[in-house]
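This report walks through selected helices, ring pairs and individual residues of one chain. The structure under discussion is shown next.

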Amino acid sequence: KYDMNTFRLKRNLDEAVYEQILSSIFEGKYHSGEQVQIERLCVQYEISRTPVIQALKRLATDGIVETSPTGKFFFPAADERRVRDMMEMRLFFEVGAANLICDIGEPAMDYRIAECEEECSRSQESGDSYRSSMADMKLHRMIVACARNSYMTELYSRVQNNCVTLNYLNLKGVAVVSQEAVDHHRMICDALRRLDRAALVSAITTHVRYVEEQIIRNIRENEQST
């Protein structure tokens, strides 16, 4: 008979490894193009290979790590062309969602999005890289979800994961969501409350282009230092 308690424990362990690797990315512990050392993670977390590999497979599905033809896992490497292509897709989804929200014509701003904006701001002020980044990601996903298109929400999630991962992998050391990004969030949320299409599209575009240039600047700085 299958032990359901063992199954729940295994799932919880997979989830814990997933979150720990994601947190380590936000804390600047991994770098662009770096191979994931599975055995090292097993020793670090004092667990077997199975939950580590399951967590890495989920991270790959979510666009956070990549796999090679030989089955190895890597953190994504990026050049400027890849970043610009990726950010064009992120802008496509977020602006598309903004227009759909305004077409629906109902207030898209609810307390959950407001809570994400406030959490991101608080975590930014306290220097909590993981919480600020998770709140940032959740805020944008919830905004896209307000367009009420499940396919858009699902596809956007992978694009955003890849964007955030590339951003942090190319940083040197710990970083939190910047004050400028927090200000952008406030402008986006204010436009959502008013269902102001022009202001919403403008705020989203400003934010996405800002993140794009931030990633590219970090890539250039890394290339110059090597």
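Ring pairs link Phe26, Tyr130 and Tyr168 into a cluster, where rings of Phe, Tyr and Trp (its six-membered ring) pair if their centres lie within 6.5 Å, and planes under 30 degrees apart count as stacked, over 60 as edge-to-face and the rest as tilted. This is a predicted model, in which local features need pLDDT of at least 70 and side-chain atom pairs count only at pLDDT 80 or more, whereas totals for chains, interfaces and linings use all residues. Residues are numbered from 1 along each chain as its sequence is written, and side-chain values use heavy atoms, with hydrogens and water left out.

## Aromatic pairs

The structure holds 5 aromatic pairs. One of them joins Phe26 and Tyr130, whose ring centres are 6.0 Å apart and whose planes make an angle of 45°, so that the pair is classed as tilted. Phe26 belongs to helix H1 (residues 4–26) and Tyr130 to helix H6, so the pair links parts of the chain that are 104 residues apart; helices here are DSSP runs (H or I, at least four residues), numbered from the N terminus. Phe26 counts as buried because its relative accessibility is 1%, while Tyr130, at 24%, counts as partly exposed. For these classes, buried means under 20% relative accessible area, exposed over 50%, and partly exposed in between, with a 1.4 Å probe and protein chains only.

## Helix H4 and its packing

Helix H4 (residues 80–104) has 25 residues and reaches 36 Å from its first C-alpha to its last, close to the 36 Å expected at 1.5 Å a residue, the expected span being 1.5 Å times one less than the number of residues. Its buried residues are Val83, Met86, Met87, Arg90, Leu91, Phe93, Glu94, Val95, Ala97, Ala98, Ile101 and Cys102. What covers them includes helix H6 (129–145), helix H7 (150–169), helix H8 (179–194) and helix H9 (197–225). Just after H4, Gly105 takes a positive phi of about 75°.

H4 and H6 pack at an angle of about 50°, with their axes 8 Å apart; axes are lines fitted to C-alpha atoms, for helices over the stretch in contact, and angles run from 0 to 180 degrees between N-to-C directions. The two helices, H4 and H6, are therefore oblique to each other, since angles under 35 degrees count as roughly parallel, over 145 as roughly antiparallel, 65 to 115 as roughly perpendicular and the rest as oblique. On the H4 side the contact (heavy atoms within 4.5 Å) is made by Arg90, Glu94, Ala97 and Ile101, and on the H6 side by His140, Ile143 and Val144. These residues divide into 4 nonpolar, 1 polar and 2 charged, where Ala, Val, Leu, Ile, Met, Phe, Trp, Tyr, Cys and Pro count as nonpolar, Asp, Glu, Lys and Arg as charged, and the others, Gly among them, as polar.

## Individual residues

His185 lies in helix H8 and is buried, with a relative accessible area of 0%. Not counting residues up to four places away in sequence, His185 touches Glu117, Cys120, Asp136, Leu139, His140, Val177 and His207; His140 also takes part in the contact of H4 with H6.

Val36 is placed in the loop between H1 and helix H2 (38–45) and is likewise buried, at a relative accessible area of 6%. With neighbours within four places in sequence left aside, Val36 is in contact with Leu41, Leu56, Phe73, Phe74 and Phe75. The C-alpha atoms of Val36 and Phe75 are separated by 7.0 Å, although the two residues are 39 residues apart along the chain.

Within helix H1 there are also Ser24 and Glu15. Ser24 counts as buried at 3% relative accessibility and, its neighbours within four places in sequence aside, is in contact with Lys29 and Tyr30. Glu15, at 30%, counts as partly exposed, and its C-alpha atom is separated by 13 Å from that of Tyr45, 30 residues apart along the chain.

Two residues that are not glycines have a positive phi, and the table gives their values.

| Residue | Phi | Place | Relative accessible area |
|---|---|---|---|
| Arg148 | about 60° | loop between H6 and H7 | 57%, exposed |
| Leu195 | about 50° | loop between H8 and H9 | 23%, partly exposed |
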